[in-house]
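Work through the three exercises below. Try each task before you read its solution.

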Amino acid sequence: MTRKDRWLLWIFLAPSLGLIGLFLYWPMVGTVIESFYATSFISPNPEFVGFDGYREVFSDRDFDDVFWNSIAWTLGVVVFQNMLGFLAAMLLNQGLPFRGVTRALVLMPFVLPGVVTAILWRFMYDPQLGLVNSLMIRTGLASETSAWLANPDTAMAAVIFVAVWKGFPFSMLIYLAALQTVDRSQLEAATLDGAGPLRRLWDVTLPAIRHVILVNVVLTLILTFNYFDIVWVMTRGGPQQATHIFPTKIYETGFGQFRFGEAATYGVVSILVLAVLVALYVIVQAGANRRGRRT
Amino acid sequence: MRQTLFTTVSAGALALAGAASAQEVTLQFWDNQQTESGLSQFQQEAVDRFTEENPDIAVEVTTIPYPEYQQRLLTAVQGGNAPDIATLDQIWVGAFAAAGAVADLTAMAEEAGLTRDGFFGGAWDSAVVDGALYGIPFNVDVWQFSFYNAALLEAAGVDPESLTTFEGLRAAAEAMTGDGQFGVGLFGHRGEDTVAVVNSFIFSNGGAVLAEDGSCALNEAPAVEALTYLQDLAQFAPDGILNASSGSMRELFLNGSLAVEFWPALEQPTLQQSEIDWGFVNGTAPEGMTPVGTFGGWNLAVFESSENKEAAWKFIEFMTREDVNGDVVDLIPANVAAAEDFLAANRDGPDRIMEHLSNAQARPLSPRYLEVAEAQMTLYQDVFSGADVQEAADEACAAIDALN
């Protein structure tokens with residue numbers, strides 16, 4: 001590439017880079033700056049407080065709740081979504097009858113908007129009118145109704161279940177595509193050598209698609225950590241903070257209580273966690289690309 | 001031909017110029033909608049009437065669904081795009097005034113002769129911050145009325161009037177709970193409806209959220225007694241109280257499995273369309289005391305950034321006028337004279353509603369109200385979870401007092 005070409009390249013890239021900087025990175029920088037000020041709606045003149053805002057947030061009991069809830073939420077959703085997605089992909093990768101129709105049906109939860117999903121499941125979980133309790137009692141899984149979303153011990157598990165239900169088709173699609181790239185001849189050779197289905201899965205299929213699994217896991221980590229609507233609509237972070245995660249806390253603090261500085265502090269912590277996850281994604285993706293070039 | 005064309009174009013231009021000068025000012029008015037009552041259409045009709053009376057002022061009405069309203073308004077103000085006029089929840093006025101976002105209307109109100117006497121006192125007071133008036137009451141309501149299912153009460157032999165006392169409500173709730181039926185629709189999700197209902201029990205027991213000096217009063221005896229009473233009463237409420245809202249209770253009330261639900265008078269249009277045989281009483285208080293409700297409602301405010309404050313004031317005067325106010329609200333008009341006509345035409349038991357409105361108490365008028373309410377929500381959830389009431393109230397008060 002000549003020097004002229006390089007200039008041309010930057011000239012063409014400049015509008016896009018400018019827009020990305022303006023609309024993506026400038027608000028992020030603004031949030032970081034705001035986190036060093038005590039700002040709220042009722043204090044139009046921000047006061048510089050440096051790291052005091054962070055110290056205050058870190059020493060608040062709410063922060064611990066939000067942090068550990070976010071970890072539980074993210075890991076819970078990612079682990080179960082990927083496991084279920086993988087199992088569903090394995091099933092759909094077999095020569096089942098009506099495979100096309102089944103795939104379309106399995107995709108349904110994924111195409112529903114998050115808010116619709118949350119409202120639907122709020123009704124399903126309703127202790128008096130909901131289908132979940134009714135089914136559990138009829139099938140003998142429970143002897144009495146439970147208020148799944150109102151009990152601090154079960155609320156997080158209940159919202160994780162909904163997020164997994166909505167998200168597993170996404171993982172399934174990716175795994176299904178990956179499974180179809182597995183070399184058939186290797187699977188046949190393993191079968192001839194007497195390997196059973198589990199052995200073939202462990203020794204042939206999983207190694208062949210492990211980079212896809214890694215990328216998918218990291219991607220769902222990022223998406224789940226940032227998820228807002230299901231939790232907000234179903235519980236608003238309650239009961240008693242039991243389901244408050246970073247996005248719901250940021251929204252409630254900023255828009256619910258007009259405390260922008262504190263919301264920005266939570267936002268920056270959230271950005272830092274996401275930055276680590278994105279770095280992980282980049283590393284995993286780069287590794288996958290290297291392996292792809294070698295093979 | 002050319003002459004004719006010139007004449008036509010000139011006439012058109014003059015007509016356009018005339019129209020432009022006829023409506024020199026365009027006001028942006030934002031309101032929120034809480035019910036499916038056709039409010040937007042009624043407000044547009046009122047705006048047309050206003051424009052007829054004031055041909056030099058045009059008004060563009062934006063009606064925003066209630067759940068989105070706070071965020072949209074806040075974003076607009078922060079972004080420098082506030083409307084000229086908007087309805088502000090009574091509990092936001094302190095914050096908007098402290099932020100310098102809304103204009104002081106004291107002088108304009110005095111000049112126009114608008115006084116507290118013409119409105120519900122609690123509503124007028126909610127717009128006064130440090131002696132200055134930052135809004136004119138637009139609509140009001142009160143939490144809570146106890147709406148009851150007459151058939152369920154009759155079957156259990158409960159006298160509806162007994163619901164107005166702490167003791168009577170508990171006995172009735174106990175008598176009507178069982179076999180998939182619930183006595184009382186208590187709810188405790190993190191929402192302002194929870195705060196308003198629990199506050200009314202505290203107010204009715206002689207308690208307060210904040211004392212006169214601004215310190216927290218939730219850990220004082222009247223409030224703690226009321227909270228202890230509610231903690232006990234919760235055993236007769238539907239399961240899932242910590243994630244239940246007034247809306248959840250409405251569903252159960254309408255399907256006939258809940259005997260008593262707590263709502264403002266706003267609930268009446270829904271019940272009037274239902275097949276439930278319903279009635280209502282004004283809140284609940286200890287024997288010998290008068291139930292005190294929690295005031296709710298909205299004020300009309302002019303934003304400081306508005307370049308058309310005089311026109312905006314004209315519009316506010318118009319919208320709160322006796323002959324207009326009742327046509328443009330979905331709660332109850334804040335203008336007392338308009339409210340009397342509105343209630344007589346649209347609500348059952350207008351005299352009882354007027355009485356409850358007159359007794360109602362406003363929520364704390366603090367610029368940091370939303371943070372106070374947050375501490376209250378945590379307290380009320382703790383109480384409904386079975387925590388020690390005094391300890392939970394002490395903790396809430398520590399959080400509230402730390403705001404000062």
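**Exercise 1. Place Y125(A) in its surroundings.**

Start with contacts. Beyond its neighbours within four places in sequence, Y125(A) is in contact with G130(A), V132(A), W148(A), L149(A) and A158(A). Contact means that the C-beta atoms, placed from the backbone, lie within 7 Å.

A note on the model: it is predicted, local features need pLDDT of at least 70, side-chain atom pairs count only at pLDDT 80 or more, and totals for chains, interfaces and linings use all residues. Residues are numbered from 1 along each chain as its sequence is written, and chains are lettered from A and ligands numbered from 1 in the order in which they are written.

Next, the element. Y125(A) sits in helix α5 of chain A, residues 114-125. Helices are DSSP runs (H or I, at least four residues), numbered from the N terminus.

Is Y125(A) buried or exposed? Y125(A) is buried because 27 other C-beta atoms lie within 10 Å (buried takes 20 or more, exposed 12 or fewer).

**Exercise 2. Describe the contact between chains A and B.**

Count each side. Chain A gives 20 residues and chain B gives 25 residues. Then sort the chain A side: eleven nonpolar, eight polar and one charged.

**Exercise 3. Classify the packing of α9(B) and α17(B).**

Take the angle and distance. Helix α9 (residues 192-204) and helix α17 (residues 369-384) of chain B pack at about 75 degrees, with axes 10 Å apart. So α9(B) is roughly perpendicular to α17(B) (65 to 115 degrees).

Now list the residues. From α9(B) come E192(B), T194(B), V195(B) and V198(B); from α17(B) come A373(B), Q376(B), M377(B) and Y380(B).

Notes: Helix = DSSP H or I, 4+ residues; strand = E, 2+ residues; numbered from the N terminus. Contact = placed C-beta atoms within 7 Å. Nonpolar A, V, L, I, M, F, W, Y, C, P; charged D, E, K, R; others polar. Axes fitted to C-alpha atoms, helices over the stretch in contact; angles between N-to-C directions. Parallel < 35°, antiparallel > 145°, perpendicular 65-115°, else oblique.
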